[in-house]
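Look over the chain below, then work through the questions that follow.

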Amino acid sequence: MRDLSAQDKIDIRQIAAGADVELWEVDLTRFGGSTYRFCNEVNEFGTAIVWQGVPYTRYPCQGGGFEWSGQGPSGRPKLTLANITGLITGLCDEFEELAGAIVTRRLVSVRVLDQDNFRLGNANADPTQERMVARYVIERLVSLNSDIAVFELAAPTETDGALIPARVAMVDNCPWAYRGADCGYTGPPKADALDQPTTDPAKDACSKSLTGCRLRHPGQPLPFGGFPVLTKFG
């Protein structure tokens, strides 16, 4: 293993109080793997930065190309990870170049980091105060050698084959199974499939419309599975 130079070892004690720490997560659990957490910095003990009780291992990593735009598709930022131990090569071989893995980028102010990072604790520690949390999907492996690996990232909604919503959007037709878990109705018979009142269990059926849903959930939030707002304009 090649050691880092003195310039690469950034001690958190030398970071200004208002500075941010960049934290990275690469989640491979959907493929049966683990979640890897990286950070370039170390804490006052020279060990992994701890955020929300979770350690982020010191490991050379760098992101770039993050742009925010309200027009057209977003850019394709890059995540560069060191490969000096062969870790990334092994993961790429095992998990098909990590395509589809979830990457989370966090920016956290040093002043609110967990007290475990400081010799004297931290009265300002606040695990809810994240400056930014952004999630991406690894689109492809751009390059890989014995030193570094470069991955292209995409917003989860812009990956190949993504569909939003993931089911057909119907205005006035509920797809939930009547009396199923999503429907949630467990009461007595209310109406038949044409919304005509009935107390006969043999005729008990839902019209799958908003009317049928209201009959069974009066004065309550409706578990209606359709998309009635699609009829709204302006």
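Q: What share of the residues of the chain counts as buried?
A: This is a predicted model, in which local features need pLDDT of at least 70, side-chain atom pairs count only at pLDDT 80 or more, and totals for chains, interfaces and linings use all residues. Residues are numbered from 1 along each chain as its sequence is written, and side-chain values use heavy atoms, with hydrogens and water left out. Buried means under 20% relative accessible area, with a 1.4 Å probe and protein chains only. Of the 234 residues in the chain, the buried share is 34%.

Q: Why is strand β11 largely enclosed by the rest of the structure?
A: Strands are DSSP runs of E with at least two residues, numbered from the N terminus. Strand β11 covers residues 148-154. It is largely enclosed because, of its 7 residues, the number buried is 6.

Q: Which strand pairs with β11 over 5 bridges?
A: Two strands pair if DSSP finds at least two bridges between them. The pairing over 5 bridges is antiparallel, and in it L79 stands opposite F151 of β11. The partner, residues 78-82, is strand β8.

Q: Which strand forms a hairpin with β11?
A: In this hairpin, 3 residues lie between the two strands. They run antiparallel and are joined by 6 bridges. V137 stands opposite A154 in β11. The strand, residues 130-144, is β10.

Q: Why does C61 form no disulfide with C39?
A: A disulfide is a pair of cysteine sulfur atoms within 2.5 Å. C61 is buried, with a relative accessible area of 5%. The closest cysteine sulfur to that of C61 is in C39, and it is too far for a bond because the distance is 6.5 Å.

Notes:
Buried < 20%, exposed > 50% of the residue type's maximum accessible area, 1.4 Å probe, protein only. Helix = DSSP H or I, 4+ residues; strand = E, 2+ residues; numbered from the N terminus.
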